[in-house]
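Here are a few exercises on reading helix packing and strand pairing from a model. Have the structure open and try each task before you read its solution.

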Amino acid sequence: MAIPLNNRDLSWLSFNYRVLMMADDPEVPLYERIKFLSIFSSNLDEFFRVRMPAILAINKVLETDPEVDETPAVNTQTLHDVLQEIDRQQQTYGRIFSKKIIPELLSQGVVLYYNQPLLEAHHSFTKNYFLTTVMAYLQPVWLRENKKLFPENNALYLVLTLYPDKDARAQEYVVINIPAELPRFLQLPAIGGMQYIAFLDDIIRTHVGYLFPGYQVADCHSVKLTRNAEVDMDEVKGDILEEVETFIRKRELGVPTRLLYDSNIPAPLLDFVAKQFEVLPSELVAGGRYHNLKDLANLPKPATLLHAEYPKVVPAVNTAAATDRLLDKVLQEDILIHLPYQQYDYILRFFNEAALDKDVEEIYITLYRIASGSQIAQALISAAKNGKKVTVFVELKARFDEANNVRWSKKLKDAGVKLIYSIPGMKVHAKTALVKRRKGYNWEYCGLIATGNFNETTARFYTDHVLFTSHIGITREMELLFLYLQSREQPSAYNFLEFKHLLVAQFNMTSRFTALIDREIKHAREGLPAKCTIKINNLQEVGMISKLYEASKAGVQVDLIVRSINCLVPGIEDSENIRVIQIVGRYLEHPRVFVFHNNGEEEVYMGSADWMNRNLHRRIEVCTPVYNPALQQQLKDILAIQVNDRVHPQEAIQDYVKNIM
């Protein structure tokens, strides 16, 4: 009998809907609500680039081959349900934006032109901007029956209907780009004490007639094409840097997955555009007048609205890490940093000290998503130039960060850093670093294990935990892990590696997590207290879901904090002892933390692994035990806040973190 499962894609869309609901919350500051609209749009774009190609392909197979078995997660209804849910959410988006956000801006003295013509009083200003700046970026293309257009991925276009002045029956169609090189919004001169902001789209619409002397512009409609971003980077051969760069270029040439169009476009014109863009009817998605509303993140903010954002938060000091010699302090005790509630400076200092400490001889690190201006990468370059042996595993296949990772790889290599590249067929998603320092005839080990990337940019708005440790068992196993990664071999060739402390995907992670839950099941059946609390981003792997159902039926109390995809079905007989909590707030919830009651002798783990097929079966992930009782308590307290505070858990954690240090 199949275990009950939620549909993965609908679960993800449900998460994105909760993001959208933040934009509908009047307690959230106005410009933060606008940012949530931007995040929603960006997320939906990625869904069409990454998930929709698989849904379309599965739907095609199921429709054409009746012998293929359907499952609760994959069936012929999925595409219909997904498109229906997306349409519902887009309708909600339009309502929030037009009925709440724009009127609220107006009440604050800001007019955002939206589905309305520009005032004549602004025409002189916008005309000058159009003629002197915008026109340099415009590339009109006349559409012809025998000439196909290859639109750029996720770029914005206007489709114009033109008539020659002398022949109103000889209509022509032209596609013109909305330049991504220019700001999407322009702040216009104030009128009567009101501030005005216009979309670049509307400035082009207003003055586009200057491009076509002798023609009348009869109509203008916006369109956007999204392409499949799922290129297979697993089986790379030869020069991996060159091949990944080739894959990046291929992504921008992927097959269409969506043509988003203004719903007011006439049907004959839509059919003609779809043919020109080589888009199937199933890939047509109706929208509004404006697309790429992820650009709302850059909506100009007049000085009078500086209050319309979250109050600035100064990250708290971690007194244990606030020391002159951080490496020395780590050798004395474990330190746990809670981001972004505490300063990221300590992570930067860890690498800076290692780069300059005369006794440090070796540095190892895994890098998954490198910040564009990474100070950590710069410290590694300095370390290599200071004569230290620096070994960096760069995951070149980190989706949408490949180009940046390639760029940094070249810089690191030029500085003398030893680079290890992606393992064929597998991604390395672990967040680990190790420093080896020589003291006489002995080595001192300082390790760093995190739940999120070593990325100082995302650390400002992702919640994560970072553990500094010199625990002999943990750090020696980290060294084993880095020795394995340098081989770039498949894990099966290294099955003799035994990890007793670390949980490492492909080696012991799945079996250890299963054993930890089995122990709780055993205790429950013996009448002992039994509980586990699991915080992850995504829950989709069938084996772990099945084990959680088994635990629930045995009487184990299970608290799940799942940010995004959750394929476990709560509220049924199989899950009556399972609570599911999902948090969307000011910060993006990103940690993976696991607490197992163990009859009062609790075990606490943290690390990089979600419970998805890809994480447990196609990636190298690392979770570490947290042995220090005080640090264990901090993680348990934070989880308890998230389980019990359904209103403002992030604010409560912020207060908690201030008080513990």
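The exercises below deal with a predicted model.

**Exercise 1.** Work out how helix α1 and helix α2 are oriented to each other, and which residues bring them together.

*Solution.*
Step 1: Start with the geometry. Helix α1 spans residues 8-23 and helix α2 residues 30-50; they pack at an angle of about 160°, and their axes lie 7 Å apart.
Step 2: Angles over 145 degrees count as roughly antiparallel, so α1 and α2 are roughly antiparallel to each other.
Step 3: Add the handedness: α1 and α2 cross in a left-handed way.
Step 4: Look at the side that α1 offers, with Trp12, Phe15, Val19 and Met22 among its contact residues. From α2 come residues including Phe36, Ile39, Phe40 and Phe47.
Step 5: Sort the contact by class, and you find 13 nonpolar, two polar and two charged residues.

**Exercise 2.** Do the same for helix α17 and helix α18.

*Solution.*
Step 1: Helix α17 (residues 629-644) packs on helix α18 (residues 649-660) at about 155°, with 9 Å between the axes.
Step 2: With the cut-off for roughly antiparallel at over 145 degrees, α17 and α18 are therefore roughly antiparallel.
Step 3: The crossing of this pair is right-handed.
Step 4: Among the residues making the contact are Gln634, Ile638 and Ile641 of α17, and Ala652, Ile653 and Tyr656 of α18.
Step 5: By class, the α17 and α18 contact divides into seven nonpolar residues, three polar and one charged.

**Exercise 3.** Describe the surroundings of strand β4: which strands pair with β4, and is β4 mostly covered or uncovered?

*Solution.*
Step 1: Strand β2 (residues 141-142) pairs with β4 in the antiparallel sense over two bridges. Here valine 141 sits opposite valine 175 of β4.
Step 2: Strand β3 (residues 156-164) also pairs with β4 in the antiparallel sense, over seven bridges. One bridge joins leucine 160 to valine 174 in β4.
Step 3: Now check burial. Strand β4 covers residues 172-178, and six of its seven residues are buried, which leaves the strand mostly covered.

**Exercise 4.** Lay out the sheet that contains β23 and β24, and find its edges.

*Solution.*
Step 1: The order is β18-β26-β24-β23-β19-β20-β21, an open sheet of seven strands with mixed pairing.
Step 2: The edges are β18 (503-504) and β21 (578-581), each pairing on one side only.
Step 3: Zoom in on β23 (residues 592-596) and β24 (residues 603-607), an antiparallel pair with five bridges. Phenylalanine 594 stands across from tyrosine 605 in β24.

Note on methods
Residues numbered from 1 in each chain as written. Predicted model: local features only at pLDDT ≥ 70, side-chain atom pairs only at ≥ 80, totals over all residues. Heavy atoms only, no water. Buried < 20%, exposed > 50% of the residue type's maximum accessible area, 1.4 Å probe, protein only. Helix = DSSP H or I, 4+ residues; strand = E, 2+ residues; numbered from the N terminus. Pairing = 2+ DSSP bridges. Axes fitted to C-alpha atoms, helices over the stretch in contact; angles between N-to-C directions. Parallel < 35°, antiparallel > 145°, perpendicular 65-115°, else oblique. Left-handed = near helix turned anticlockwise from the far one by under 90°. Contact = heavy atoms within 4.5 Å. Nonpolar A, V, L, I, M, F, W, Y, C, P; charged D, E, K, R; others polar.
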